[in-house]
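I opened this entry to go through the structure piece by piece. My notes follow in the order in which I looked things up.

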Amino acid sequence: AVRSRATDGTLHDIPNDLVLRSPIAILSGDGSDSVCYIDAPIPDFLEIERAKEIALQAAMFSPLASPSHRPEVFVKALPNHSGRLQIHLRGFAFESGMQDHFRSDVLQRIRNQYAHVQEGASLEQLLEDSTTSPLKIT
């Protein structure tokens, strides 16, 4: 079967026999992945490596993420020279028309994870929490 992702993130399996005997067309966009840059400040209570891990998971498990490219996470200084750091993420939306939706989803996931870490939740608790789990696809 061919696996396809709808714009709402829902996965669909299309039987191979249907694909081979029916015309297929991309209905929106050019069908190519689209790079998105996302910056998010690292809170003082969070270690740099943990912030990078949260950002990577948020970008990888977004239902709008391209399955063809792994996101990349970097750390850089905030532009105002305050000495604080931020995450600089290069992620990929599955289509150019979904860039803003992808950015919004990833930032919300990062914010939710930061809030749980601040509350003292462990990584295992975060993965079990259905509201923030990057592994839950509905």
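Pocket. I started with the second largest pocket, which holds about 200 Å³ of space. The model is predicted, and I read the pocket with that in mind. I listed the lining of this pocket as Ala 40, Pro 41, Ile 42, Pro 43, Arg 84, Leu 107, Gln 108, Ile 110, Arg 111 and Tyr 114. I then asked which elements each supply at least two residues of that lining. They are E3 and H3. H3 has the largest share of the lining, with 5 residues.

Sheet. Next I traced the strands. I found an open sheet of 3 strands in the order E3-E5-E4, paired antiparallel. E3 and strand E4 (72-77) are at the edges with a single partner strand each, so one side of each has no neighbour in the sheet. For the twist, I noted that neighbouring strands are turned by 25° against each other on average, with direction ignored.

Pairing. I went through the bridges pair by pair. E3 and E5 run antiparallel and are joined by 8 bridges. In this pairing I looked up Asp 39, which stands opposite His 88 in E5. E4 and E5 also run antiparallel, with 6 bridges between them. On that side, Glu 72 stands opposite Arg 90 in E5, and Val 73 has Leu 89 in E5 as its bridge partner.

Helices on the sheet. I checked what packs against these strands. H2 packs on the sheet and touches E4 and E5, and its direction makes about 20° with that of E5. H3 packs on the sheet as well, touching E3 and E5, with its direction at about 30° to that of E3.

Burial of E5. Is E5 largely enclosed or left open by the rest of the structure? I noted that 7 of its 9 residues are buried, so E5 is largely enclosed. I took Gln 86 as a case, since Gln 86 lies in E5. Gln 86 has 7% relative accessibility and therefore counts as buried, the cut-off being under 20%. Its contacts, leaving out residues up to four places away in sequence, are Asp 39, Ala 40, Pro 41, Ile 42, Phe 74, Val 75, Lys 76, Ala 77, Leu 78 and Pro 79.

Ser 34. I looked up a residue of E3 in the same way. Ser 34 is found in that strand and counts as buried at 8% relative accessibility. Beyond four places in sequence, Ser 34 touches Gly 91, Phe 92, Ala 93, Glu 95, Ser 96 and Gln 99. I also took one C-alpha distance: Ser 34 and His 69 are 35 residues apart along the chain and separated by 9.8 Å.

Core. Last, I turned to the largest nonpolar core, which has 24 residues. Those with the most contacts inside this core are Leu 46, Ile 87, Leu 89, Phe 102, Val 106, Ile 110 and Tyr 114. Strand E3 (34-41), helix H2 (48-60), strand E5 (85-93) and helix H3 (99-118) are the elements that give two or more residues to this core. H2 gives the most, with 6 residues. I followed Phe 102 outward and found that, not counting residues up to four places away in sequence, Phe 102 touches Cys 36, Ile 38, Ala 59, Ser 62, Leu 64, Ala 65, Gly 91, Phe 92 and Ala 93.

Technical notes. Residues numbered from 1 in each chain as written. Predicted model: local features only at pLDDT ≥ 70, side-chain atom pairs only at ≥ 80, totals over all residues. Heavy atoms only, no water. Core = buried A, V, L, I, M, F, W, Y, C linked by side-chain atoms within 4.5 Å. Buried < 20%, exposed > 50% of the residue type's maximum accessible area, 1.4 Å probe, protein only. Helix = DSSP H or I, 4+ residues; strand = E, 2+ residues; numbered from the N terminus. Contact = heavy atoms within 4.5 Å. Pairing = 2+ DSSP bridges. Axes fitted to C-alpha atoms, helices over the stretch in contact; angles between N-to-C directions. 1 Å grid on protein atoms, 1.4 Å probe; cavity = no way out; pocket = protein on both sides within 12 Å on 5 of 7 lines; lining within 4 Å. Points joined across faces, edges and corners; volume = space filled by probe spheres on them.
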